[in-house]
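Work through the exercises below with the sequence and the coordinates open. Try each task before reading its solution.

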Amino acid sequence: MPTSSLRVILTGATGMVGEAVLHECLLSPEVETILLISRKSCALQHPKLRAILQQDFMNLSPVESQLKGYNACFFCLGVSSLGIDKALYEKLTYHLTMGFAAALVAQNPGMVFCYISGRGTDTSEKGKMHWARVKGKTENDLKKLPFKAVYNFRPGIMKPTKGLKNTLAFYKWAGWLLPIISAVAPHYVISLADLGQAMIHAAARGYKKSILEIRDIEALSASA
């Protein structure tokens with residue numbers, strides 16, 4: 001059954017993906033309120049918006065009383081595996097996400113959890129790529145938590161939303177390549193606007209799959 005209004009907890013708002021998803025939430029009539037949990041301020045004010053500054057995402061006990069009453073989480077926090085120690089990547093990707101999710105579901109058992117994963121994630125947990133195995137384990141174990149639903153989003157190359165400030169440098173100087181990539185590989189590029197809309201629609205209305213590849217994200221973002 002569709003959710004009439006979303007009360008969203010969002011992470012990663014000071015990064016490119018989280019900022020764009022937040023932008024879509026602020027525009028959406030389906031989102032009633034948004035709680036940002038972040039290590040630093042995003043310097044944004046809006047009637048829908050409230051923020052908690054929390055330095056240690058591995059221990060939410062100081063703020064857990066403020067996490068109750070929400071029905072969706074858009075988990076957009078993440079790190080690149082490039083140039084990072086494998087143990088640290090696993091800590092910041094798997095352990096941080098699972099600890100955060102467990103804290104949320106304890107307060108909000110009816111919550112929908114939307115996780116930004118990645119194209120090529122390996123849910124067999126047996127492949128050669130370490131990052132893909134870690135992401136796959138995270139996807140697998142999130143589904144074991146007693147949320148109302150878990151949706152794992154797997155974007156590929158992402159088209160930034162114009163006017164936002166946290167666009168990664170790569171996308172600023174190589175943005176002209178995106179239309180070419182889209183023409184050659186039409187289901188490899190997704191706009192961050194579509195990603196944000198798809199997350200909102202999944203949380204509000206549900207979706208037939210728990211793992212959403214780019215085709216699913218495109219279809220869900222376009223749903224009325």
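**Exercise 1. Classify Ser223 by accessibility, then place it in the fold.**

Solution. Start with the area. Ser223 has a relative accessible area of 27%. Buried would need under 20%, and exposed over 50%. Ser223 is therefore partly exposed. Next, the location: Ser223 sits in the segment that follows helix H7 (214-221). Now look for partners beyond four places in sequence. Ser223 is in contact with His201 and Arg205. Finally, take a C-alpha distance. Ser223 and Ala198 are 25 residues apart along the chain, and their C-alpha atoms are separated by 8.5 Å.

**Exercise 2. Summarise the chain as a whole.**

Solution. Note first that this is a predicted model. Count the elements: the chain has seven helices and nine strands. Then take burial: 50% of the 224 residues count as buried. Last, take contact range. Among contacts with a separation of 6 or more, 68% join residues 24 or more positions apart.

**Exercise 3. Decide how helices H2 and H3 are oriented, and say what their contact is made of.**

Solution. Take the geometry first. H2 (residues 86-107) and H3 (residues 130-142) pack at about 15°, with axes 10 Å apart. Angles under 35 degrees count as roughly parallel. H2 is therefore roughly parallel to H3. The handedness of the H2 and H3 crossing is right-handed.

Now list the contact residues.
- From H2: Lys86, Tyr89, Glu90, Thr93, Tyr94, Thr97, Met98 and Ala101.
- From H3: His130, Trp131, Val134, Lys135, Lys137, Thr138, Asp141 and Leu142.

Sort the residues of the H2 and H3 contact by class. The result is seven nonpolar, four polar and five charged.

**Exercise 4. Is H3 largely enclosed or largely open to solvent? Support the choice.**

Solution. Check the helix length first. H3 has 13 residues and reaches 18 Å from its first C-alpha to its last, close to the 18 Å expected at 1.5 Å a residue. Then count burial. Since 10 of the 13 residues of H3 are buried, H3 is largely enclosed by the rest of the structure. The buried set is His130, Ala132, Val134, Lys135, Gly136, Thr138, Glu139, Asn140, Asp141 and Leu142. What do these residues of H3 pack against? They meet H2, strand E5 (112-116), strand E6 (149-153) and strand E9 (211-212).

Zoom in on one member. His130 lies in H3. At 16% relative accessibility, His130 counts as buried. Setting aside residues up to four places away in sequence, His130 touches Lys86, Tyr89 and Glu90.

**Exercise 5. Repeat the orientation analysis for H1 and H6.**

Solution. The axes of H1 (residues 16-27) and H6 (residues 192-205) come within 8 Å and cross at roughly 60°. That angle makes H1 oblique to H6. The crossing of H1 and H6 is right-handed.

The contact residues come next.
- H1 supplies Met16, Val17, Ala20, Val21, Glu24 and Cys25.
- H6 supplies Leu192, Ala193, Leu195, Gly196, Gln197, Met199 and Ile200.

By class, the contact of H1 with H6 has 10 nonpolar residues, two polar and one charged.

**Exercise 6. Describe the surroundings of Leu35.**

Solution. Locate the residue: Leu35 is found in strand E2 (residues 31-38). Its relative accessible area is 0%, so Leu35 is buried. Then list partners outside the window of four places in sequence. Leu35 is in contact with Val8, Ile9, Leu10, Arg50, Ala51, Ile52, Gln66, Leu67 and Tyr70. Check one pair by distance. Leu35 and Val8 are 27 residues apart in sequence, and 6.1 Å apart in space, C-alpha to C-alpha.

**Exercise 7. Inspect two residues with positive phi, and report their loops and exposure.**

Solution. Take Ala43. Its phi is near 55°, a positive value in a residue other than glycine. Ala43 lies in the loop between E2 and strand E3 (49-53). At 66% relative accessibility, Ala43 counts as exposed.

Now take Glu125. Its phi is near 60°, again positive in a residue other than glycine. Glu125 lies in the loop between E5 and H3. At 33% relative accessibility, Glu125 counts as partly exposed.

Definitions and conventions: Residues numbered from 1 in each chain as written. Predicted model: local features only at pLDDT ≥ 70, side-chain atom pairs only at ≥ 80, totals over all residues. Heavy atoms only, no water. Axes fitted to C-alpha atoms, helices over the stretch in contact; angles between N-to-C directions. Helix = DSSP H or I, 4+ residues; strand = E, 2+ residues; numbered from the N terminus. Parallel < 35°, antiparallel > 145°, perpendicular 65-115°, else oblique. Left-handed = near helix turned anticlockwise from the far one by under 90°. Contact = heavy atoms within 4.5 Å. Nonpolar A, V, L, I, M, F, W, Y, C, P; charged D, E, K, R; others polar. Expected span 1.5 Å × (residues − 1). Buried < 20%, exposed > 50% of the residue type's maximum accessible area, 1.4 Å probe, protein only.
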